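User: Could you take a close look at one part of this model for me, the place where the ligand sits, and walk me outward from there? I would like one connected account.

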Amino acid sequence: MDTLTHLIGGDAVTGERTLDVLNPATAQAVRRLPLADAAIVQRAIETARDALPAWRAMPPAKRAQVMYRFKTLLERDAQEICALISEEHGKVLDDAMGELKRGIENVEYACGVPELLKGEYSHNAGPSIDTWSNHQPLGIVAGITPFNFPAMVPLWMFPMALACGNAFILKPSEQSPSAANKMAHLLHEAGLPAGLFSVVHGDREAVEALIAAPEVKAMSFVGSTPVARSLYEGGTRQGKRIQALGGAKNHAVVLPDADLDNAASTLIGAAFGSAGERCMAISVAVCVGDETADALIERLAPQARAMSIGPGTEPGHDMGALINASQRDKVAGYIEAGASAGAQLIVDGRTHPLVESSPGFFLGATLFDRVTPDMSIYRDEIFGPVLCVVRVASFEDAIALINDHQYGNGTCLFTRDGEAGRRFADQIEVGMVGINVPLPVPVAFHSFGGWKDSLFGDLHAYGPDAVRFYTRRKSVSQRWPERSAQEAAQFSFPS
Ligand code: NAD
């Protein structure tokens with residue numbers, strides 16, 4: 001079994017406290033991971049501090065050159081990165097490739113950093129006064145990332161943070177850590193000077209050390225809502241800039257005029273892709289009218305039963321294992337709770353043959369009908385392959401239901417009615433909206449973020465918001481008075 005290391009200033013650093021990283025398809029340990037303490041975090045901070053001045057002074061166009069090379073290297077080693085993701089996370093290889101490609105889009109966007117940092121200029125903002133605003137880097141920034149996107153979510157963060165002239169410390173999920181080390185090696189190969197990107201592995205202890213460190217000026221977090229909230233509160237108390245993206249419960253509304261065949265097949269992918277372990281997974285289908293619900297279930301149930309489930313590293317499967325035994329048991333517990341609360345269990349993922357026959361953390365796809373808002377399967381983020389159908393009488397009821405939910409990450413409407421689509425996009429209290437697009441994850445030149453308990457902070461992840469998050473604005477006003485002019489003191493504010 002390999003032992004991973006922290007990567008600090010180009011050095012491989014080990015530690016005494018360790019954790020086994022498991023392959024969810026076999027339940028076997030595949031790597032041993034060191035867990036950082038405050039001293040290791042401090043070492044990464046000091047290395048970053050030493051490397052920063054030269055990087056900050058480097059023209060943005062030169063920093064962008066590192067990103068161009070990094071993109072090419074990510075593409076060169078894509079298969080290797082996806083194999084690591086699939087082995088530690090459990091998702092199928094095609095899905096790992098999808099996440100990597102969406103991540104690479106963010107590197108491409110960061111290649112445009114000279115344009116993005118150009119700033120604003122006003123000639124003669126006052127008499128002979130020129131004013132310009134520019135964006136300067138914050139210094140040392142950190143990212144804390146979840147298990148479910150080992151490449152894409154870190155790539156939301158560090159390419160832009162680095163391109164803007166910062167140093168970045170990444171604390172990846174301890175459950176899927178290897179992609180981070182691989183990306184650190186590629187950054188080094190791309191010519192990033194040592195010290196500017198460190199990978200510090202660990203758990204709560206490492207995160208708390210980053211929060212406590214005054215040298216760390218900003219933190220980007222993606223993970224569950226309780227941790228997001230506590231990191232936001234703890235970080236802002238320390239005077240840091242924080243963006244903390246949390247959990248989700250994403251609804252798709254199906255109107256009677258929707259193209260039901262297409263809605264059903266896209267919903268199957270959106271609900272069960274990556275075993276439902278996506279913050280944008282659709283976990284609730286809200287059907288307007290009983291006829292719509294009956295017709296949708298008729299289409300969903302056979303597709304849910306027919307899904308091919310198996311190790312993500314084996315080609316041809318639709319869905320792999322869940323991340324660990326406790327998550328698999330938690331999801332199975334929700335299925336039990338939903339059935340006991342009176343929801344109609346149409347497809348029960350617990351009966352899939354792999355649940356008994358494999359040592360891995362498998363569950364089949366589960367479909368519930370007649371779910372009501374008081375049930376835990378409706379209220380909570382399950383983060384597994386469970387799709388709940390809720391029946392409502394009207395479009396207004398569907399909008400009110402979604403607006404009442406604590407989470408507001410993504411949502412989608414299936415309809416052929418443009419007026420309904422427009423109204424939905426306007427009135428729904430959710431940060432990312434799809435009209436006939438079940439997973440409305442914005443492209444890299446827009447920004448990504450939910451509302452309500454799905455995001456704590458002001459700025460969304462990646463895209464234009466990332467430039468603002470990883471920089472601070474400075475306004476400079478300048479004039480060059482004529483040498484001969486004698487200026488009198490002015491005591492009133494110039495108007
Ligand atoms: P998690 O909150 O358990 O862990 C996320 C990160 O925080 C990890 O790096 C982990 O080591 C660290 N962490 C865990 N507990 C901590 C604590 N008490 N103090 C400090 N740090 C701690 O989340 P996860 O299980 O890795 O990921 C799944 C969650 O992430 C789901 O809720 C999912 O919706 C959410 N997620 C959200 C988005 C989004 O964009 N909103 C994207 C992906 C995942």
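Analyst: Happy to; the account below starts at the ligand, moves to the two domains and ends with a pair of helices. Please keep in mind throughout that this is a predicted model.

Let's begin with the ligand itself. Its shell holds 27 residues, and those that come nearest are P146, G223, S224, G247 and C279. By class, the shell is made up of 12 nonpolar, 10 polar and 5 charged residues. Where does the ligand lie relative to the domains? It lies between domain 1 and domain 2, because both of them give residues to the shell.

That brings us to the domains. Domain 1 is made of two segments, 2–246 and 454–477, while domain 2 covers 250–435. Their C-alpha centres are 31 Å apart, and the contact between them takes 19 residues from domain 1 and 24 residues from domain 2. On the side of domain 1 that touches domain 2, the elements giving two or more residues are α3 (78–89) and α4 (93–110). Of these, α3 provides the largest share, with 4 residues. That side of domain 1 has 9 nonpolar, 7 polar and 3 charged residues. For context from the record, an unreviewed UniProt entry places the feature "domain: Aldehyde dehydrogenase" at residues 17–476. Over that stretch the chain is 43% helix and 22% strand, and its end C-alpha atoms lie 49 Å apart.

Now for the two helices, starting with α10. This helix runs over residues 260–272, and its 13 residues reach 18 Å from the first C-alpha to the last, close to the 18 Å expected. Its buried residues are A263, A264, T266, L267, I268, A270, A271 and F272. Among the elements covering them are the strands β13 (250–254), β14 (282–288), β17 (386–392) and β19 (410–414), together with helix α11 (290–305). After α10 comes S274, whose phi is positive, near 60°.

Helix α11 makes a good companion to α10. At 1.5 Å a residue, its 16 residues should span 22 Å, and the end C-alpha atoms are indeed 22 Å apart. Here the buried residues are T292, A293, L296, I297, L300 and A304. Several of these positions follow a familiar rhythm: an α-helix has 3.6 residues a turn, so residues three or four places apart point the same way. The buried residues of α11 pack against α10 and against the strands β13, β14, β15 (344–347), β16 (366–369) and β17.

Key
Residues are numbered from 1 along each chain as its sequence is written. This is a predicted model: local features need pLDDT of at least 70, side-chain atom pairs count only at pLDDT 80 or more; totals for chains, interfaces and linings use all residues. A residue is near a molecule or strand if its C-beta atom, placed from the backbone, lies within 6 Å of it. Ala, Val, Leu, Ile, Met, Phe, Trp, Tyr, Cys and Pro count as nonpolar, Asp, Glu, Lys and Arg as charged, and the others, Gly among them, as polar. Domain bounds come from an automatic or database domain assignment. Two residues are in contact if their C-beta atoms, placed from the backbone, lie within 7 Å. The expected span of a helix is 1.5 Å times one less than its number of residues. A residue is buried if 20 or more other C-beta atoms lie within 10 Å of its own, exposed if 12 or fewer, and partly exposed in between; C-beta atoms are placed from the backbone. UniProt positions are given in the numbering used here, feature names are shortened, and annotations may be inferred rather than shown by experiment.
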